[in-house]
Structures are given as C-alpha cells and as structure tokens.
Amino acid sequence: MNKEYIVSPSLLATDPMNMGRDIKMLEDAGAKWFHVDCMDGTFVPNFSFGYSIVSAINKLSDVVLDVHLMIDKPIRYIDEYIKAGADYLTIHVEADTEENTALALEKIKSQGVKCGLSIKPNTPVSAIEKYLDKLDLVLVMTVEPGFGGQSFMANMMPKLKELSEKLAKVNPACHIQVDGGIDVNTSKICKENGANVFVAGSACLKAEDKKAFISAIEN
Ligand code: DX5
Ligand code: ZN
C-alpha cells in the first residue's frame, strides 16, 4: 500500500513568544499537520503544552492537529484534549496499565478522533501488537521522549521495519510516524523502513526555506 508522505512540524521548536507567527509561517510553507508535544514532568522529565494551547492553536489554524501526549495515565485528560480540538491523539503504551490503554484508545475512537499509540526506544513492537488493528497511527520514537534537538537513533530502524511488516498484514492504512532527530537525510532512512509521517522540530524550524524542507520529504 502506497501511503502519502506527511511532514508534521513540531511546534515545540517554535518561538514561544511568537508561536502564532511561526504557525502562519509553517502554514505558508505548506504544512498539512502540526505536531503538538504535551509533557507532564512525570512521564518525561520536562513540561510543555497543555490543552489550553491546543485549543488556541485550533482556533488559529485549520491544519490537522497531531497531539502527542507524553503524560502519565493519559486517560485522565483525553476528553480535555479532544474538546481542545485534537484530530489525532497519541498516547504512550508505557504510560498506564494494559486495561487503561485499551480503554483510553476506545475513548478516543468513540469520539471520532483518530487514535495513536507510541513506543519509546526501549519498548518492543510486541508491547503494542494486540492494539495494531485498532490504531490510526503508530509512533516509533527515534529519540528518548522529552526534549527537542536530540540525535536520531538509527538503531530504531529494525523495529520500524518489523512494525511496518506487521501493520501491512493487519492494518495497512495505519500511519507510521517517526519522531526525534528527523531531517531530510534521516527521513529517507525511515521511509526505507516503512514510515510515512515525519515529525520534524529543530530541523524544520531551522531550515532557511521551510517550503523546500517540507517538499523534500513529502515528494
Ligand atoms: C520529543 C518530542 C518531539 C520533538 C522533536 O520528545 O516528542 O516531537 O519536538 O524534536 P526534534 O525534531 O528537534 O528532534
Ligand atoms: Zn513528539
């Protein structure tokens, strides 16, 4: 199945005092999705966006909001992020019990929002195998979650390949997203291993020509 390639610029790399300006700039550069990183200081050692920011971004822009929850027991906040306007809501399999993860995914889907599940670098594909047929997106972290600007972990590629082979059998339409250290070069390696959605923070925001950056990955 040939899937569309999509760049999801990470708003974590925008200038916090000028986020509205940066959002407009990324829209003008052709961004179809925005990746919004939400961190709670517990699941990851850093804080970032809460649902009020997601809601403000949603009012400003019609771009698809791809919300990445790096929070402990995400089931507690799903309704708030959906109300705020998330189009894709991705939780981490490591963040709660199997029972709550299944319930959280169900809760997301039942409200008409696309559901995603993410794995950290040390988590194997087997940890999410039972959910694969129900997902709209799987996120394979290519850095330890928590911070922008880290180096791409090429050793995640066998895992990405294993995941894409499994999804091809059970859920071929599911998006396969990579996040962490993605630029034009590393995105190529990820494409070869089955990824089709590329989160890019620092590389995208630092690119002199953002339109060229996005189209180099998407085309
Ligand atoms: C890291 C976040 C990423 C981050 C990526 O925990 O999930 O989305 O913004 O930033 P770069 O592209 O700079 O690695
Ligand atoms: Zn992210």
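In this predicted model, helix H6 shows an exposed face in Asn 185 and Glu 192, which lie on the side turned away from its buried residues. The buried residues of H6, a helix spanning residues 184–192, are Thr 186, Ser 187, Cys 190 and Lys 191. Because these four cover an arc of only 150 degrees around the axis, they sit on the same side of H6. This pattern can be read with a general rule in mind: an α-helix has 3.6 residues a turn, so residues three or four places apart point the same way.

What do the buried residues of H6 pack against? Their partners are two helices, H5 (157–170) and H8 (210–218), and two strands, S7 (175–179) and S8 (197–200). The N-terminal end of H6 is capped by Asp 183, with a side-chain oxygen 3.0 Å from the backbone nitrogen of Asn 185. After the helix comes Gly 194, with a positive phi near 110 degrees.

Strand S8, one of the elements against which H6 packs, is a good place from which to explore the sheet. Its residues Val 197 and Val 199 point one way, while Phe 198 and Ala 200 point the other way, and all are buried. S8 runs parallel to S1, to which it is joined by four bridges, and Ser 8 stands opposite Val 199. S7 is also parallel to S8, with three bridges between them; here Val 178 stands opposite Phe 198.

The sheet itself is open and has eight strands in the order S1-S8-S7-S6-S5-S4-S3-S2, with parallel pairing. Strands S1 (6–9) and S2 (33–39) stand at the edges with a single partner strand each, so one side of each has no neighbour in the sheet. From one strand to the next, the twist averages 25 degrees. Further along, S5 (residues 114–119) and S6 (residues 137–141) run parallel and are joined by four bridges, with Gly 116 opposite Leu 137. Helix H4 (residues 98–110) packs on the sheet, where it touches S4 (88–92) and S5, and its direction makes about 150 degrees with that of S5.

Cys 190 of H6 returns in the largest nonpolar core, which has 60 residues; Val 36, Val 67, Leu 89, Ile 128, Leu 135, Leu 163 and Cys 190 touch the most other members. Beyond its neighbours within four places in sequence, Ile 128 is in contact with Val 93, Leu 117, Ile 119, Val 138 and Leu 163. A second, separate core has eight residues, among them Ile 6, Tyr 88, Met 141 and Val 197.

How values were computed: Residues are numbered from 1 along each chain as its sequence is written. Chains are lettered from A and ligands numbered from 1 in the order in which they are written. This is a predicted model: local features need pLDDT of at least 70, side-chain atom pairs count only at pLDDT 80 or more; totals for chains, interfaces and linings use all residues. Side-chain values use heavy atoms; hydrogens and water are left out. Buried means under 20% relative accessible area, exposed over 50%, partly exposed in between (1.4 Å probe, protein chains only). The arc is that of the directions from the helix axis to the C-beta atoms. Contact means heavy atoms within 4.5 Å. A polar contact is a pair of N or O atoms within 3.5 Å; within protein, one must be able to donate a hydrogen and the other to accept it, and residues adjacent in sequence count only if both atoms are side-chain atoms. A nonpolar core is a set of buried Ala, Val, Leu, Ile, Met, Phe, Trp, Tyr and Cys residues joined through side-chain atoms within 4.5 Å. Two strands pair if DSSP finds at least two bridges between them. Axes are lines fitted to C-alpha atoms, for helices over the stretch in contact, and angles run from 0 to 180 degrees between N-to-C directions.
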